[in-house]
Every structure is written in C-alpha cells, then in structure tokens.
Amino acid sequence: MDKEDQQVGKSGQSGQERESMKRATLLMMPCTVSQLLSAAEVNGAFRIGDLELNQISVVGVVRRCVPSEVKIQYSVDDMTGPPIDVTQWVNSEAPGVPCSSVVLGQYVKVIGRLRNIQGQRSLLAGNVRHVEDLNEITSHMLEVVQAHMQRSRNAHDRVGDMHTNRMDIPGTVNSDIRVDGHSEEKAAYGLSTIQRQVRTVIKSCSLHDGISFMDLSMELGFLSSTSIRWTLQFLLHEGFIYSTIDEDHFKSI
C-alpha cells in the first residue's frame with residue numbers, strides 16, 4: 001500500500017507539472033515583433049520570461065508580399081523593431097485563398113510559430129488575415145501589455161515571500177523597493193524596457209510644463225513615433241505620468 005500511495009503521490013505531482021506545462025505552452029500569446037526578436041531560445045524552444053512560446057499572434061503592416069506556387073512570403077512591421085519575415089504555405093485544396101488579396105501597407109493579424117533558421121528568426125504562419133477594424137490594432141497592443149503585466153505579476157508573486165515585510169497591496173507602488181540605490185516604483189509593475197526609457201526621459205525634464213511629445217521623440221530617436229504614443233497611453237492609463245498644458249506635454253509622478 002505504501003508503494004501504491006507513493007506512486008499516486010508521484011503521479012499527482014507529475015500531473016500538476018504537466019498541467020502547468022500545458023497552460024504555459026498551449027496559450028496563444030499576443031506579442032510584438034520586438035519581443036519575438038529578443039525572446040530567449042533554449043534547446044530550440046523560445047521563452048519570454050518563464051513562459052514557453054507555442055502559438056503567437058502579431059499585428060502589423062505588410063511591407064512586402066512575394067507569392068509563389070507553394071508559399072507566400074511576407075514582411076510584417078509593427079513598428080516596435082525591424083520587420084519580421086513571415087512564411088505561409090499555400091493550401092493546394094484552396095488555391096488563391098491566402099494572400100491573393102493582400103495589399104502592401106495594409107494591417108494584418110498573423111497567427112503562427114516562431115522559428116530560427118540559420119540565425120534568422122521568422123514566423124511560420126498558420127493564418128494571415130486582414131485587419132478590417134482598426135480598433136483591433138489597439139486591442140492587440142492592450143493584450144500584449146496585459147500579458148506582460150500578468151507575467152511580471154506572477155514572477156513578483158513567486159519571490160514575494162522574500163520581501164514580505166516590504167510589500168503593499170499587489171499592484172500598488174512600493175517606494176521602499178530599491179534597485180541600485182534608487183527608489184524603483186516600477187519594480188512592482190514590471191515595466192518593459194521601452195516603458196522605462198520613456199518614463200525616465202519624462203522624469204528627467206525639469207520644465208514647468210513638462211516635456212513635449214516632439215522633444216520626447218527627439219530624445220528617443222531610436223524609437224518610432226507609434227511606439228512612443230503606445231507607451232505614453234499605457235503610462236498615462238497606469239498613472240505613471242500625466243499631461244499638463246495640453247495632450248502633448250507630460251510630467252512624471
């Protein structure tokens with residue numbers, strides 16, 4: 001009986017592990033091109049944080065479309081990084097259905113898998129479709145932010161017992177958390193690199209009216225205007241910054 005109980009215990013534990021892996025790998029993850037290009041690769045599997053990427057979705061503009069008899073090659077740009085190559089194999093049972101109507105400069109949603117061939121990352125698409133409602137672009141970016149925040153929250157919860165005496169209500173700013181000797185309010189939120197960069201530039205501005213969008217864009221010349229706009233919207237919504245004399249001037253909390 002002891003042996004049987006031991007076996008049951010083992011199988012229960014492995015079942016939990018399998019369930020955890022299932023949740024981690026079966027999830028379709030909304031991503032940006034920048035995230036895909038910077039995702040860690042371990043033994044042929046791509047990971048963002050602790051999450052293994054299986055199916056992912058990306059929304060971007062078609063910059064190139066090269067159809068052939070067996071496949072269609074796209075270049076998709078979401079303005080968070082360089083365009084990523086996308087390959088979609090043509091379904092011989094439904095010729096002409098994929099991509100025959102794709103227009104350059106049009107937004108598409110790509111669902112597929114990330115792969116690495118000879119050091120070049122690209123997407124193998126299971127589905128490519130037009131984005132007819134532009135609200136879907138906003139929706140996708142919000143899903144990306146939500147997924148990132150959830151991963152950061154989960155990671156924060158796992159190490160929370162190390163800082164029990166310093167933690168406030170989850171999701172609130174804890175000014176006692178310090179990194180490199182400075183108060184890091186963002187530590188409880190898990191801001192992305194771009195979000196931290198934008199907020200840092202805004203915070204460093206000492207002007208009474210805050211920094212203008214034009215000056216911010218000049219300071220962050222390596223980022224596209226679209227990326228900065230998305231980031232500003234997120235920081236405004238989360239209360240990290242606020243607008244001053246108009247909608248194009250910002251100060252940090």
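A salt bridge is counted here where a side-chain nitrogen of Lys or Arg lies within 4 Å of a carboxyl oxygen of Asp or Glu. By this criterion, the side chains of Asp77 and Arg63 form such a pair in the predicted model examined here, with a distance of 3.2 Å from N to O. The two partners come from distant parts of the chain, since Asp77 belongs to strand S6 (residues 71–77) and Arg63 to strand S5 (residues 55–67), with their positions 14 residues apart in sequence. Their surroundings can also be described: Asp77 is buried, with a relative accessible area of 10%, whereas Arg63 is partly exposed, with a relative accessible area of 43%.

Strand S5 takes part in another link of this kind, in which Asp85 forms a salt bridge with Arg64 and the closest N and O atoms are 3.1 Å apart. Because Asp85 lies in strand S7 (residues 84–89) and Arg64 in strand S5, this pair ties together parts of the chain that are 21 residues apart in sequence. Asp85 counts as partly exposed at 30% relative accessibility, and Arg64 counts as partly exposed at 34%.

A search of the whole structure finds six salt bridges. Among the charged residues involved, Glu52 and Arg47 meet through their side chains at 3.6 Å, N to O. Glu52 is partly exposed, with a relative accessibility of 27%, and Arg47 is likewise partly exposed, with a relative accessible area of 28%. Elsewhere, Lys109, Arg129 and Glu136 are linked in a network of salt bridges.

The protein as a whole provides the setting for these pairs. Its secondary structure comes to six helices and 14 strands, and of its 253 residues, 36% count as buried. When contacts between residues at least 6 apart in sequence are considered, 55% of them join residues at least 24 apart. The accessible surface comes to about 15500 Å², and 51% of this area belongs to carbon and sulfur atoms.

The backbone was examined next. Most residues other than glycine have a negative phi. Against this background, Met79 has a positive phi of about 65° although it is not a glycine. Met79 lies in the loop between S6 and S7, and it is buried, with a relative accessible area of 18%, a value under the 20% cut-off for that class. The loop between S6 and S7 also holds Gly81, which counts as partly exposed at 27% relative accessibility. Although Gly81 and Thr32 are 49 residues apart in sequence, their C-alpha atoms are 8.4 Å apart in space.

Gln118 likewise has a positive phi, of about 55°, and is not a glycine. This residue is found in the loop between strand S8 (107–117) and strand S9 (120–130). With a relative accessibility of 84%, Gln118 counts as exposed, whereas Met79 is buried.

Helix H6 (residues 225–238) was described in terms of its length and of the residues that it buries. The helix has 14 residues and reaches 20 Å from its first C-alpha to its last, which is close to the 20 Å expected at 1.5 Å a residue. Within H6, the residues Ser227, Ile228, Thr231, Leu232, Phe234 and Leu235 are buried. These buried residues cover an arc of only 165° around the axis, and they are therefore placed on the same side of H6. The general geometry of helices is useful in reading this arrangement: an α-helix has 3.6 residues a turn, so residues three or four places apart point the same way.

Leu236, which is also found in helix H6, is partly exposed, with a relative accessible area of 34%. Together with Tyr242 and Ile253, Leu236 makes a nonpolar surface patch of about 270 Å². A patch residue must have over 30% relative accessible area, and Leu236 meets this requirement because its relative accessible area is 34%. Just after H6, Gly239 takes a positive phi of about 85°.

Technical notes. Residues numbered from 1 in each chain as written. Predicted model: local features only at pLDDT ≥ 70, side-chain atom pairs only at ≥ 80, totals over all residues. Heavy atoms only, no water. Patch = residues over 30% accessible without salt bridge, like charges linked within 9 Å, V, L, I, M, F, W, Y side chains within 5 Å. Areas by Shrake-Rupley, 256 points an atom, 1.4 Å probe, with all protein chains shown as cover. Helix = DSSP H or I, 4+ residues; strand = E, 2+ residues; numbered from the N terminus. Buried < 20%, exposed > 50% of the residue type's maximum accessible area, 1.4 Å probe, protein only. Expected span 1.5 Å × (residues − 1). Arc of directions from axis to C-beta. Contact = heavy atoms within 4.5 Å.
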